[in-house]
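Here are some notes for a colleague who is opening this model for the first time. They go point by point, and each point is best read with the structure in view.

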Amino acid sequence: METADKARNQGSSVSILEKNPKVVFVLGGPGSGKGTQCTNIAKLFGYTHLSAGDLLRAESESDSENGIMIKNVMKEGKIVPSEVTVKLLQQKMWKTGKDKFLIDGFPRNDENRAAFENVTGIEPAFVLYFDCPVEEMERRLLNRNQAREDDKIETIKKRFKVFLESNPPVISYYGEKGKVRKIDAARSIDKVFESVKTIFEAQD
């Protein structure tokens with residue numbers, strides 16, 4: 001079974017690379033508004049929006065051993081092992097048949113970054129970074145009506161701690177390559193999207 005999975009994953013990588021995909025990593029703390037902005041970008045610029053968090057949450061609802069592990073890790077506000085997240089993203093990219101992707105909420109740390117590039121052979125065109133104060137992100141999360149398991153105050157604080165510890169090396173790595181596009185995400189959705197549009201219009 002493991003050999004079959006490995007062959008399928010390798011096949012996925014080849015198929016994706018043949019399309020010479022354009023990938024944009026979309027990063028920002030929990031509640032920074034990146035999901036909302038990704039929806040807007042996808043509509044206006046024709047990207048396929050892949051949320052690492054949504055893929056993990058969907059998998060966590062299954063009764064599989066993987067699903068149970070993911071659910072427990074997310075409940076603790078920790079980071080799911082890189083190989084699990086990369087595999088889910090890779091399979092989703094392959095299944096869509098598209099060639100322009102917004103990968104929302106990934107990579108969350110330097111290990112994620114290295115695993116994605118090594119497994120898929122893809123480097124992002126650029127990284128869209130939504131910079132938002134922790135106080136504002138906390139306010140937004142507590143006001144959400146989704147009743148998500150990972151939006152409870154104890155988990156929120158753990159998620160902030162993990163983000164603040166794990167994300168800076170990723171931003172630093174791509175910053176040195178001149179690939180980070182930083183957005184002030186504390187503003188209204190419309191004002192943030194105006195800044196986002198300027199960045200994407202310059203890319204096309």
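**Notes on the predicted model**

1. At 0% relative accessibility, Ile103 counts as buried, because the cut-off for a buried residue is a relative accessible area under 20%. The model is a predicted one, and Ile103 is found in its strand β3. Leaving aside residues up to four places away in sequence, Ile103 touches Val23, Val24, Phe25, Val26, Leu50, Leu89, Met93 and Phe116. One of these contacts, Leu50, is 53 residues apart from Ile103 along the chain, yet the C-alpha atoms of the two are separated by 5.0 Å.

2. Strand β3 also appears in the surroundings of helix α10, since what covers the buried residues of that helix includes β1 (22–28), α2 (34–45), β3 (100–104), β4 (126–131) and β5 (180–184). Which residues of α10 are buried? They are Val192, Phe193, Val196, Ile199 and Phe200. Seen down the axis of α10, these buried residues fall within an arc of 120 degrees, so they line one face of the helix. The face turned away from the buried side of α10 carries the exposed residues Asp190, Lys191, Thr198, Glu201 and Ala202.

3. The length of α10 can be checked as well. Helix α10 holds 15 residues, 189–203, and at 1.5 Å a residue it should span 21 Å; the C-alpha atoms at its ends are 21 Å apart, which agrees with that expectation.

4. Helix α7 (residues 134–143) can be looked at in a similar way, and its buried residues are Glu136, Met137, Arg140 and Leu141. They cover an arc of only 130 degrees around the axis, and this puts them on the same side of α7. What covers the buried residues of α7 includes helix α8 (153–166).

5. Turning to charged pairs, the model has 13 salt bridges by the rule used here, and the pairs in this point and the next are among them. Within helix α3 (residues 52–60), Asp54 and Arg57 lie three residues apart, about one turn of the helix, and they form a salt bridge whose closest N and O atoms are 2.9 Å apart. Both partners are partly exposed, Asp54 with a relative accessible area of 45% and Arg57 with one of 21%.

6. Other salt bridges join distant parts of the chain. The side chains of Glu76 and Lys158 meet in one of them, at 3.5 Å from N to O; Glu76 sits in the loop between α4 (65–75) and α5 (82–96), whereas Lys158 belongs to helix α8, 82 residues apart from Glu76. Glu76 is partly exposed, with a relative accessible area of 38%, and Lys158 is partly exposed too, with 35%. Where do the partners Lys182 and Asp131 lie? Lys182 is in strand β5 and Asp131 in strand β4, 51 residues apart, and the closest N and O atoms of their salt bridge are 3.6 Å apart. At 57% relative accessibility Lys182 counts as exposed, while Asp131 is partly exposed, with a relative accessible area of 30%.

7. Finally, a group of charged residues deserves a look: Asp110, Arg113 and Glu117 are linked in a network of salt bridges.

Definitions and conventions:
Residues are numbered from 1 along each chain as its sequence is written. This is a predicted model: local features need pLDDT of at least 70, side-chain atom pairs count only at pLDDT 80 or more; totals for chains, interfaces and linings use all residues. Side-chain values use heavy atoms; hydrogens and water are left out. Helices (H or I, at least four residues) and strands (E, at least two) are DSSP runs, numbered from the N terminus. The expected span of a helix is 1.5 Å times one less than its number of residues. Buried means under 20% relative accessible area, exposed over 50%, partly exposed in between (1.4 Å probe, protein chains only). The arc is that of the directions from the helix axis to the C-beta atoms. Contact means heavy atoms within 4.5 Å. A salt bridge is a side-chain nitrogen of Lys or Arg within 4 Å of a carboxyl oxygen of Asp or Glu.
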